Amino acid sequence: MEGVLGILERLDRRWVFLAMALAVAGPILVMGITRKTLPETPTDASRAVFQAVQSLPRGSTVLLSFDFDPGSAGELEPMGVSMARQCALRGHKMVFISLWPLGGQMIDQTIKKVLRADFPQLQDGVDYVNLGFQAGNEQVMRVVLTDFKRAFPTTKSGRATADLPILSGIQRVGDFALLAEVSAGYPGSKEWVQYVVSASGGKLPMVSGCTGVQTPQLYPYFPGQIRGLLGAIKGAAEYESLINTWVLDPASAAEMASAGADSGVAAAIPPKYLEAQRRMGPQLGAHLLMVVLILLGNVVYLAQRRSQRRAAA
Amino acid sequence: MSNEHRSPAIVVWVMIVLAVAAVVGLRIGLGDGMARAYAERVEMRVTVKDVATPSGERVVEWVEWRSVSPADFSRAVRESPSQDRVQLNHANSVGLWVAALLTLAIFSFLYRDNTAYRLAEAIIIGVSAAYWGVIGVWDSIVPKLGGALAHRWTTEYILPNLPAPTTQSQIGMGVALVLGILLVLRLVPAVGGISVWTMAFIVGITAGAKIVSHVESDLLAQTVATMQPLVQPVDGGVWTVATLWASLPNVLVVIGVLCCLTYFFFSVEHKGIVGGAARIGIMYLMITFGAAFGFTVMGRVALLSQRVEFLLDDWLWLIDPLERRLVDGVSMIVGTGGVW
């Protein structure tokens, strides 16, 4: 036992890094080959996001703000994809904006992956539009409170927003039926709550998907100021599974057909809509390793303390 | 690493690096190879109005290259081996290699600081700085400043669809231009002191804007959210298990808020009831820090798994979770590969 403890005491941290790499790569390989995912039990916060989009009348205009970049796409892109997919399936109109410079490209990727691929009947400018990045952080939020088109005078491709059909009934941000935010930091969900949701007097419902680092900071706003919250990749996986369960439900067949997604109920979920659920495999491996390492660390600490006490005695 | 463990450890690390190199070599020589991007040629044709032509319109044609999956390339070749509609995209393929090598270079820091890591770090810093510079010019200076103060020139030569500025926005941008120039004067030592006017403006505006929003959303709204009924009757019953279970979150929130506030209240010595409440407050804080740590780990592991997925899928073609290829690498190696 002394020998094992001695090795643990002197263990080079690089072996821990290697163990973590294997704990993450192993499940990715297995799930990549078998194409299986782990089951998810959605929390109330994730269900609330799903319900917020689901409960809107068909044809509502939703504002989707993608405030993230490739650095956090691993966590947040599946949320953005799922939000756009659910909105399209429900027949909502989507106005995409971003307060992060690379957010416009993240929106383009989502539009290509979801809307152009699976909903080709939707028209740019009529059913959805990418207004791209707008510099100014909180100042943009303050402007959209009174004049949305002044903050976003053109689309990402340079088309004027003044006579855009999708924005015909939109004067200010409060005219949107829902604000769906995907946030990686500043400016993000916290600022949208502080500068827009509070200023609108709670009239603008907001749901948010955020990184793991932000989640504890945003939980106090749920369910009052933020109606639904997707915390980290776990929240993304729960939300994804909620949509997939709904899509596979035979009762949704008529709605799927009218959304143009399919001729009826989906037989199987395309792998691009299982991305977050697939990433829960490496999470399991990494967290199990973390638990083992924390336990081992405590064992070593207790053994060291006991030997020090013995030496002192 | 301690001296007595150094030699065997280095042997293990060398073996790991060789194993990775062997996998890369195997994948390069096996099947369709690895790390390839493909593009499809799409011929575009639109009719636009043109008063200079007799018919009043003219046809504009161009070619677009759209990214497609390796499976699309395989299918196109299967249909017509001599086709040139779907081709290897050399630029994107090189991009995949660059991304993979930079990812490995960054990971190499976990072993020890080295030249590859420092090179990758320098590239990231340089690219980020250049990108922010370009963003500053094309998303702020040109559309906002140029659009307001030189609208005719900007719409004629750069951004044709910019709406006409209002007098108010022109005055605002004029003030912003003057304040910006004052800030840049910081670089001139003789008159650098004048830049504090701009700094004072920024600090004042930011503080004013933040105070109002914070009081509204974080103080008032959060205080209201804390004022919850301690008993939440379920189906009319007060002393039922369901009611107790439903009431528990509210009770915990109220206790937590009071105890945490007590912990940060230093005007009274933390003894007796105050000390007990402060200790419970510490426990709440510890649970909060633990939850924050757990969420941070989850976030970092998600980012790591995305990079590993990129290496195994996009670069090495070992796995194919998105079904973008006809056969994945592992199936090819173990001989179970099937066509989707």
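The following paragraphs describe the folds of chains A and B in a predicted model, and then the contact between the two chains.

Chain A contains 13 helices and six strands, and its C-alpha trace extends over about 85 × 45 × 35 Å along the principal axes. Of the 313 residues in this chain, 47% are buried. When contacts in chain A are restricted to residues at least 6 apart in sequence, 76% of them join residues at least 24 apart, and a reader following the chain on the structure will therefore find in these contacts partners within 7 Å, by their C-beta atoms, that are separated in sequence.

The six strands of chain A form an open sheet with parallel pairing, and their order across the sheet is β3-β2-β1-β4-β5-β6. At its edges stand β3, formed by residues 128–133, and β6, formed by residues 228–231, each of which pairs on one side only. Neighbouring strands in this sheet are turned against each other by 15 degrees on average, with direction ignored. Within the sheet, strand β2 of chain A, which covers residues 93–98, runs parallel to β3(A) and is joined to it by four bridges; the residue A:S98 has A:F133 in β3(A) as its bridge partner. Helix α8 of chain A, spanning residues 189–197, lies across three of the strands, namely β1 (61–67), β4 (178–183) and β5 (206–210), and runs at about 160 degrees to β5(A).

The largest nonpolar core of the model has 94 residues, and those with the most contacts inside it are A:L64, A:A84, A:V95 and A:F96. The surroundings of A:V95 can be followed in detail: when residues up to four places away in sequence are left out, A:V95 touches A:T61, A:L63, A:L64, A:V129, A:L131, A:I166 and A:L167. One of these neighbours, A:L64, is also listed among the core residues with the most contacts.

In chain B, two domains are assigned, domain 1 comprising residues 35–88 and domain 2 comprising residues 228–320. The C-alpha centres of these two domains of chain B lie 54 Å apart.

Chain B also has an open sheet, in which three strands are arranged in the order β2-β1-β3 with antiparallel pairing. Because β2 (57–68) and β3 (86–88) of chain B occupy the edges and have a single partner strand each, one side of each is left without a neighbour in the sheet. The average turn between neighbouring strands of this sheet is 35 degrees, direction ignored. Strand β1 of chain B, residues 38–49, runs antiparallel to β2(B), and twelve bridges join the two; for example, B:A39 is bridged to B:S67 in β2(B). Helix α2 of chain B, residues 70–79, packs on the sheet and touches β1, β2 and β3 of that chain, while its direction makes about 90 degrees with that of β1(B).

Where the two chains meet, 44 residues of chain B are in contact with 48 residues of chain A. On the side of chain B that touches chain A, helices α4 (115–149), α7 (195–226) and α9 (272–315) of chain B each supply at least two residues, and α9(B) gives the most, with 18 residues. Grouped by class, this side of chain B consists of 26 nonpolar, twelve polar and six charged residues.

Terms used
Residues numbered from 1 in each chain as written. Chains lettered and ligands numbered in written order. Predicted model: local features only at pLDDT ≥ 70, side-chain atom pairs only at ≥ 80, totals over all residues. Core = buried A, V, L, I, M, F, W, Y, C linked by C-beta atoms within 7 Å. Buried ≥ 20, exposed ≤ 12 C-beta atoms within 10 Å, placed from the backbone. Pairing = 2+ DSSP bridges. Axes fitted to C-alpha atoms, helices over the stretch in contact; angles between N-to-C directions. Nonpolar A, V, L, I, M, F, W, Y, C, P; charged D, E, K, R; others polar. Domains from an automatic or database assignment.
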